[in-house]
Structures are given as structure tokens and as C-alpha cells.
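The following exercises are to be worked through with the sequence and the coordinates at hand. Each task is followed by a solution in steps.

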Amino acid sequence: MAEQIIILTPVYNDEESLNILLNELAVSLKELTAVKFSVLVIDDEPDLRTLYELSLVREGYEVVVADSVATGLDALKQQNFDVVVSDMRLPDGLGLEVLRFLGGAHRSERCVVITAYGSAENAVEALKAGAFDYLTKPVDLKQFRLVVAQAVRMSQSSLDTTTSQALESRQIS
């Protein structure tokens, strides 16, 4: 037997009241819709870039891709992301340049650095520059998705803290 849902709503006789109701419904619908987190993937190897992109899209992320430091920085100047995934060595520079840009601009994005040239020195350098995590190629996709999910959570908690601090400072003023 099918369940029936009955919704009781007041009758709206004027246009203004109806518009208020429609606005409330639109806000409720937005709240019910899943929030898509965004990830910027910077890698010069087309196959790996596509692999990372598809893996993240399947997890529900909105993904933007770039093939160089320059195009990655252009994307960062156009919009904010929740997470940035960057190869360490790119044709026009190092992924560290992306980290320095994020730090210098006080951005909330967490950056995951991936490299085929893994060494303790490179890992320490990336982490000191502000990397959230450091992965070596070949990357295990399960680990990759887990690290990105953790970075998203950290990015969001950072935004929540910043918003709370801003609201508190307004209340004090």
C-alpha cells in the first residue's frame, strides 16, 4: 500500500504573501540540495589529470582541471575551491608556486601535492610551504579520494571558523 503525504498550508490570497511562500520554498529546496565541493586538479599528464578528474566526479565533486602552474593560478584567480590537487613538477614551474599563492593570498583551500619524485626533502618542503598532504605516484585512488575528502572537511571547518570570527567581531563592534 502506498503512503500518502498530506501537506496543510494556509491559503494565500494576495500576491505578496504568495511571493514570500515561494521564496521560503526556494530556500528550503536549496538547503535540501546536496552541496557540491569544488576541486582544482593541476597536472601536466593528460591521462593522470583525467583519472583524477573522473575519480573525483564519481564522488560528487565539481572538478576544474589545469595543465600548468599558470593555468592553475588563472583558475584560482577566477574562483575559490575547497581543495587544490597539484603535481609537484609542472612544465612551467613547481606546485610550490601554487602553495605560495594560496598562502600569500590567505586562501582557505587545502592543497594536496602529488609527485613522481618522492623524497623526504620534497615532502618536508611541500608541507612547510603549506601542503595539506603529500602523495607519491603511482597514487592509490582509494587513498587519493580519502585525502581529498579529509582536505575538504578541513577547508570547510576553516571557513566555518573564519565566518564565526567575523560574526563575533561585528557583534562586539
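**Exercise 1. A salt bridge between R145 and E59**

Task: In this predicted model, determine which parts of the chain the salt bridge between R145 and E59 ties together.

Solution.
- Step 1. The side chains of R145 and E59 form a salt bridge, with an N to O distance of 3.6 Å.
- Step 2. R145 belongs to helix α6, whereas E59 is in the loop between α2 and β2 (62-66), so this pair links parts that are 86 residues apart in sequence.
- Step 3. R145 is partly exposed, at 27% relative accessibility. E59 is also partly exposed, with a value of 48%.

**Exercise 2. The salt-bridge network**

Task: Establish which residues are joined into one network by salt bridges that share partners, and describe the contribution of K137.

Solution.
- Step 1. The network consists of D43, E45, D87 and K137. The structure as a whole holds 5 salt bridges.
- Step 2. K137 pairs with D43, and their closest N and O atoms are 3.4 Å apart. Since D43 is in the loop between β1 and α2 and K137 in the loop between β7 and α6, the pair connects parts separated by 94 residues in sequence.
- Step 3. K137 also meets E45 in a salt bridge, at 3.1 Å from N to O. E45 lies in the loop between β1 and α2, so its pairing with K137 ties together parts that are 92 residues apart in sequence.
- Step 4. D43 and K137 are both buried, K137 having a relative accessibility of 17%. The cut-off for burial is under 20%. E45, at 35%, is partly exposed.

**Exercise 3. The faces of helix α4**

Task: Identify the buried residues of helix α4 and decide how they are arranged about its axis.

Solution.
- Step 1. The buried residues of α4 (residues 95-104) are G95, L96, V98, L99 and L102.
- Step 2. Viewed down the helix axis, these buried residues fall within an arc of 155 degrees, and therefore they line one face of α4.
- Step 3. The general geometry is relevant here: an α-helix has 3.6 residues a turn, so residues three or four places apart point the same way.
- Step 4. R100 and G104 are exposed on the other side of α4.
- Step 5. The cover over the buried residues of α4 includes β1 (38-42), α3 (69-78), β3 (83-87), β5 (93-94), β6 (110-115) and α5 (120-128).

**Exercise 4. Two backbone features**

Task: Describe the phi angle of H106 and the peptide bond from K137 to P138.

Solution.
- Step 1. As a reference, most residues other than glycine have a negative phi, and most peptide bonds are trans.
- Step 2. H106 has a positive phi of about 55 degrees, although it is not a glycine. H106 comes just after α4, in the loop between α4 and β6.
- Step 3. With a relative accessible area of 72%, H106 is exposed.
- Step 4. The peptide bond from K137 to P138 is cis, its omega being near -5 degrees. P138 is located in the loop between β7 (133-136) and α6 (141-172).

**Exercise 5. L51 and L141**

Task: How far apart are L51 and L141 in sequence and in space?

Solution.
- Step 1. L51 and L141 are 90 residues apart in sequence, while their C-alpha atoms are 8.9 Å apart in space.
- Step 2. L51 is part of helix α2 (residues 46-58). Its relative accessibility is 38%, so L51 counts as partly exposed.

Definitions and conventions
Residues are numbered from 1 along each chain as its sequence is written. This is a predicted model: local features need pLDDT of at least 70, side-chain atom pairs count only at pLDDT 80 or more; totals for chains, interfaces and linings use all residues. Side-chain values use heavy atoms; hydrogens and water are left out. Helices (H or I, at least four residues) and strands (E, at least two) are DSSP runs, numbered from the N terminus. Buried means under 20% relative accessible area, exposed over 50%, partly exposed in between (1.4 Å probe, protein chains only). The arc is that of the directions from the helix axis to the C-beta atoms. Contact means heavy atoms within 4.5 Å. A salt bridge is a side-chain nitrogen of Lys or Arg within 4 Å of a carboxyl oxygen of Asp or Glu.
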